[in-house]
Structure formats: C-alpha cells, structure tokens
Amino acid sequence: MTTVVELSCPKCQHRFGDLDWHEDGAGSCRNCRTDFRAYRLPALTRGRDIARPKLVAVPEDSTCFFHVQNQAEKICDGCGRFVCAVCAIPNGHEFHCPSCLSHRINRTDAGVTERTIFPSIALTLALFPLLLYPLTILTAPISIGMVFMGWSRPGSLLRGPQRWKLVLAGIVSTIEIAAWLFLLAKVWLR
Amino acid sequence: MSSKSGYTKLVRQSVGAAVYRSIWKKDDHLLLVSSNGYVERYQRFQYADIRTFLVLPSERNAYWAWSWTALTLISAIFAGSAIWRGDTPFVSAPFALLFLIGLLWNYVLGPSCQLYLVTRIQTLRLPVHRRRRAERFLEQIGPEIAAAQTVPEDPNESSTADLPPSIS
C-alpha cells in the first residue's frame with residue numbers, strides 16, 4: 001500500500017486514497033471500479049516548493065525591484081536587478097526576474113504555443129483545386145499570397161520553414177495563373 | 001526520428017479524420033503536438049513537473065474486434081452466396097479479406113489502454129491507445145524523467161538534471 005493521496009481517477013475524478021491501491025503502483029478506483037497502473041516518478045511524493053518572500057526588516061535592507069516591501073534575496077542574472085524570492089525565477093543555473101524571462105521566452109521558441117503552417121496551406125491551395133480546375137482562378141492568387149506570407153514566418157516548430165513547399169506552391173500557382181491569363185487572352189482576342 | 005529543432009519523436013497517432021497528435025521529447029521536456037496539417041498547437045511538459053503516468057484499460061480493442069468481425073462475416077456471407085449462385089465474388093471476397101486483415105491487425109496490436117500524464121495542475125490523456133505501445137513509451141521516457149527528478153545527495157553539488165529549463 002502506498003501513501004499517495006494527491007492522485008485522482010481520470011475517469012470519475014475520485015481522489016485515490018490508501019484503499020484504492022492494491023500494490024505499489026497499481027490499484028482500482030473504488031468509485032468507478034476502473035483498474036489503473038501508475039508509473040510513479042519521484043515528483044509524485046515530493047512536496048511543493050513555495051517561494052515565500054521576506055519583508056524588509058530594517059530600512060537599510062535592499063528591496064526587490066518589483067516589490068518594495070520585500071527583501072532582495074537574489075540578483076537577476078539578466079539585468080542585475082535585486083529581486084525577492086517570488087521574483088527570482090530559476091532558469092537553468094541562473095535566476096531571472098519575470099521581465100527578463102519574458103524577453104527570453106519571446107526571443108526563442110520556448111514560449112510558442114501555436115504555429116500556422118503556411119507552406120501546407122499554400123501547397124494545398126495550389127494542388128487540390130486542380131481536381132476542380134475552375135476553382136484555381138480563385139485559389140492560385142490566394143496560394144501566391146500564402147507563399148509571400150509564409151516565406152518570412154518560422155513555420156513548424158518541428159519541421160522548420162519547409163521553403164521547398166512554398167517554392168513548389170509558387171511554381172504551380174504561377175503556372176495556373178499563366179494558364180488562366182493565356183485562356184482569357186485567347187477568348188478576348190477571338 | 002529527430003526534428004530540425006532537436007526534438008525526437010516518440011509517438012504519432014491520428015485522433016480523427018484529419019487530426020493527429022504526436023509526442024516529442026527534448027533534453028528537459030515532452031512536447032505534445034496537436035495538428036490538422038495547417039495549424040500546430042504545442043503543449044510542453046517539463047520533466048520536473050511530471051508526477052506520474054496512469055495506464056487505464058480501455059474497450060477500444062474489443063470495439064475494433066467486434067467491428068472487424070461483423071464486417072468480415074457480412075462480406076463472407078455475400079461472398080458465400082455469390083459462390084452458391086455459381087458467380088465469382090469479385091467484390092465481396094476482396095472486402096472480406098481486407099476486413100479479415102483488419103481483424104488480425106487489431107489482434108496483433110494487442111490490448112488497448114488509455115495513457116494519462118499527470119502533473120500537479122492537470123491530467124492529460126496522451127495519444128497512446130495500445131498497452132504494448134504505452135509500455136514501450138514508458139520504458140523509453142520513464143527512466144529519463146526519473147533521472148531528471150532525482151535530487152543529488154550532496155546539496156552543494158550542482159546537477160543539471162534537477163534544474164529548471166534554461167531559456168537562453
């Protein structure tokens with residue numbers, strides 16, 4: 001039996017108690033009777049680290065840049081500001097203040113939550129409407145637009161910018177537009 | 001398989017007609033990607049934050065087995081009746097064979113399960129539906145996460161394993 005109490009059944013949200021565990025790492029929810037097996041990791045039994053700031057005791061104390069009522073406990077490795085325990089955010093071997101960390105997240109891919117994949121959109125707009133070719137009069141210019149929009153965008157976080165798709169979409173769309181212009185010119189001159 | 005940005009693919013599973021989810025790993029976190037081919041959404045789980053993985057049994061295997069069996073039987077009945085009439089079952093026999101392959105494939109994949117990732121603030125279902133694959137996934141990633149969460153015996157000793165992610 002384990003002493004794990006902070007886990008809930010994913011199906012019924014019943015919080016597992018000691019009686020739910022049959023053996024170390026496996027058990028059955030007493031509420032919905034679902035068997036479960038847990039791959040336990042050290043973080044499961046570790047307590048929560050809560051940063052608690054210290055209030056300024058004497059006026060000569062250094063104070064946090066962001067909270068003047070708190071004692072400075074760390075120096076930001078990014079900007080050198082004095083920060084309290086709440087504002088000193090561990091970042092690898094260093095500590096950073098919230099604003100430095102925010103700047104770093106915005107500069108890198110670490111904070112990316114969503115990306116639009118313009119190469120796939122452009123290629124789809126260039127190729128799929130060929131099945132119903134009259135549609136290409138509309139989709140080819142849009143595809144060209146997507147090529148220009150996607151060229152300077154970072155693209156997929158995993159597959160990179162995929163410029164070959166943009167090049168292919170651009171070539172196909174240009175051919176489609178040229179074909180339409182040729183056709184319209186031919187009809188016009190008849 | 002590694003990506004250009006240094007991620008290694010662990011799992012890729014379609015969850016709908018045009019939607020797939022995949023799990024990738026990097027030095028200090030797992031990345032869950034949900035994609036429809038045109039928009040990708042990313043969720044990161046730092047190794048230090050993952051508390052456990054829960055594996056629950058599911059009925060997926062049984063549902064697929066019943067579906068494939070029913071389709072195989074229906075196709076076989078049509079093929080049998082065609083043969084009985086003296087015709088060649090050009091359509092029903094290939095379909096029966098196809099559904100039989102599906103049934104066998106479902107059997108080969110083994111029992112099904114639901115895999116959940118548990119952090120302190122959320123419990124998230126991962127795109128792993130078969131127990132054997134879940135076990136392989138946990139064997140692959142579990143020791144790495146456990147190592148990243150192990151506190152060094154000497155508190156003065158600096159360890160990169162337990163450090164939070166570095167954003168440079």
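Contact here means heavy atoms within 4.5 Å. Keep that in mind for the views of chain A below; the model itself is a predicted one.

**View 1. Helix α3 of chain A gets its cover from its neighbours.** What covers the buried residues of α3(A) includes α2 (118-127) and α4 (163-189) of chain A. Those buried residues are Thr136(A), Thr139(A), Ala140(A), Ser143(A), Met146(A), Val147(A) and Gly150(A). Look down the axis of α3(A) and they fall within an arc of 120 degrees, so they line one face of the helix. Turn to the other side of α3(A) and you meet Leu138(A) and Phe148(A), which are exposed.

**View 2. Here is helix α3 of chain A from end to end.** The helix covers residues 136-151, which makes 16 residues. At 1.5 Å a residue it should span 22 Å, and its end C-alpha atoms are 21 Å apart, which agrees.

**View 3. Chain A comes in three pieces.** Domain 1 takes in residues 1-48, domain 2 runs over 50-105, and domain 3 over 118-188. Measure by C-alpha centres, and domain 1 of chain A lies 37 Å from domain 2 of chain A.

**View 4. Two Phe rings of chain A meet edge-to-face.** Searching the whole structure turns up six aromatic pairs over all chains. One of them joins Phe65(A) and Phe66(A): the centres are 5.1 Å apart, with 80 degrees between the planes, and the pair is edge-to-face. Phe66(A) counts as partly exposed, at 34% relative accessibility.

**View 5. Trp68(B) and Phe99(B) make a tilted pair.** The ring centres of Trp68(B) and Phe99(B) are 6.1 Å apart and the planes sit at 40 degrees, so the pair is tilted. Trp68(B) belongs to helix α1 (residues 60-84) of chain B and Phe99(B) to helix α2 (residues 92-109) of chain B, so the pair ties together parts that are 31 residues apart in sequence. Is each ring residue buried or partly exposed? Trp68(B) is partly exposed, with a relative accessible area of 21%, while Phe99(B) is buried at 15%. Step back a little, and ring pairs link Trp64(B), Trp68(B), Phe95(B) and Phe99(B) into a cluster.

**View 6. Charged ends sit over Tyr rings in chain B.** Which ring does the charged end of Arg12(B) sit over? That ring belongs to Tyr20(B), and the charged end is 3.8 Å from its centre. Lys26(B) has its charged end over the ring of Tyr7(B), 4.9 Å from the ring centre.

How values were computed. Residues numbered from 1 in each chain as written. Chains lettered and ligands numbered in written order. Predicted model: local features only at pLDDT ≥ 70, side-chain atom pairs only at ≥ 80, totals over all residues. Heavy atoms only, no water. Domains from an automatic or database assignment. Phe/Tyr/Trp six-rings, centres within 6.5 Å; stacked < 30°, edge-to-face > 60°. Buried < 20%, exposed > 50% of the residue type's maximum accessible area, 1.4 Å probe, protein only. Helix = DSSP H or I, 4+ residues; strand = E, 2+ residues; numbered from the N terminus. Lys NZ or Arg CZ within 6 Å of the ring centre and 35° of its normal. Expected span 1.5 Å × (residues − 1). Arc of directions from axis to C-beta.
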